[in-house]
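Student: I would like to learn how to read the packing of a helical chain. Could we go through one example together?

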Amino acid sequence: MAEEERKKTATMQIRPGLYVSMITNQNMNLLIRGVVLFSIGVFLALVLNLLQIQRNVTLFPPDVIASIFSSAWWVPPCCGSASAVIGLLYPCIDSRLGEPHKFKREWSSVMRCVAVFVGINHASAKVDFANNTQLSLTLAALSIGLWWTFDRSRSGFGLGIGIAFIATLVTQLLVYNGVYQYTSPDFLYVRSWLPCIFFAGGITMGNIGRQLAMYECKVIPEKPHQD
């Protein structure tokens, strides 16, 4: 009896420490994932925006072009912040819906997804099509193909559509207020293929966020066995 009481007492003393450790690890893991996603978003924004500017798809006023890679200073931080939010939101929605994403959960698949996303951006800037409608339909098919190849989840598709809608609306407002502009706009003030790029970007950052979430360290205290 005395031995069992000592074990119970030791368990009660250890539990608070494990609980604090669990909370600390989760918060630290969330911070690390956010920083990684932010860095990836900034890097992709610099590279892809440079590609758009070189092809004269995006035009910034001369006084705005005053930072790295001839890009507006606010573009990389905004894209990085959006990437962090999207990357953290995808695994959170998966857990809320009770539908853990298990399709192609390895880094090689994530890297291929990033490569396809960059390829879609490359096509939007460098491939010449007969008209904007043909370009938009082609990019739409490629974006849906990216989702089908690397995601295939209802939550991923729904979030991708929502992200594309919100990002396109924000872009419309920025262009309307003269922050920057697109050459040959054919969808109000922007290009008609822009929602496809945002959709593919949301799926890509979501897959990266899901993969990073797999390494979350969870310390769960064990309950004492009851005979």
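Student: Leaving aside its neighbours within four places in sequence, which residues is Leu 146 in contact with?

Tutor: This is a predicted model. Contact here means heavy atoms within 4.5 Å. On that basis, and without the sequence neighbours within four places, Leu 146 is in contact with Cys 113, Val 116, Phe 117, Ile 120, Asp 151, Ala 200, Ile 203 and Thr 204.

Student: Which residues have the most contacts inside the largest nonpolar core?

Tutor: A nonpolar core is built from buried residues joined through side-chain atoms. In this chain the largest one has 36 residues, and Leu 146 is among those with the most contacts inside it, together with Phe 117, Leu 139 and Ile 208. At least two core residues come from each of H1 (2–54), H2 (75–97), H3 (107–126), H4 (132–150), H5 (154–176) and H6 (194–213). H6 supplies the largest share, nine residues.

Student: In what order do the elements of the chain run?

Tutor: The chain has six helices and two strands. From the N terminus the order is α-β-α-α-α-α-β-α.

Student: Which residues does the UniProt annotation "transmembrane region" cover?

Tutor: The unreviewed UniProt entry gives 30–51, 71–90, 157–176 and 188–208. In the model, residues 157–176 are 100% helix, with end C-alpha atoms 28 Å apart. For residues 188–208 the helix content is 71%, with no strand, and the end C-alpha atoms lie 32 Å apart.

Student: What percentage of the residues count as buried?

Tutor: Of the 227 residues, 37% do. The chain exposes about 13,300 Å², and carbon and sulfur atoms supply 66% of that area.

Key:
Residues numbered from 1 in each chain as written. Predicted model: local features only at pLDDT ≥ 70, side-chain atom pairs only at ≥ 80, totals over all residues. Heavy atoms only, no water. Core = buried A, V, L, I, M, F, W, Y, C linked by side-chain atoms within 4.5 Å. Buried < 20%, exposed > 50% of the residue type's maximum accessible area, 1.4 Å probe, protein only. Helix = DSSP H or I, 4+ residues; strand = E, 2+ residues; numbered from the N terminus. UniProt positions renumbered as here; feature names shortened; annotations may be inferred. Areas by Shrake-Rupley, 256 points an atom, 1.4 Å probe, with all protein chains shown as cover.
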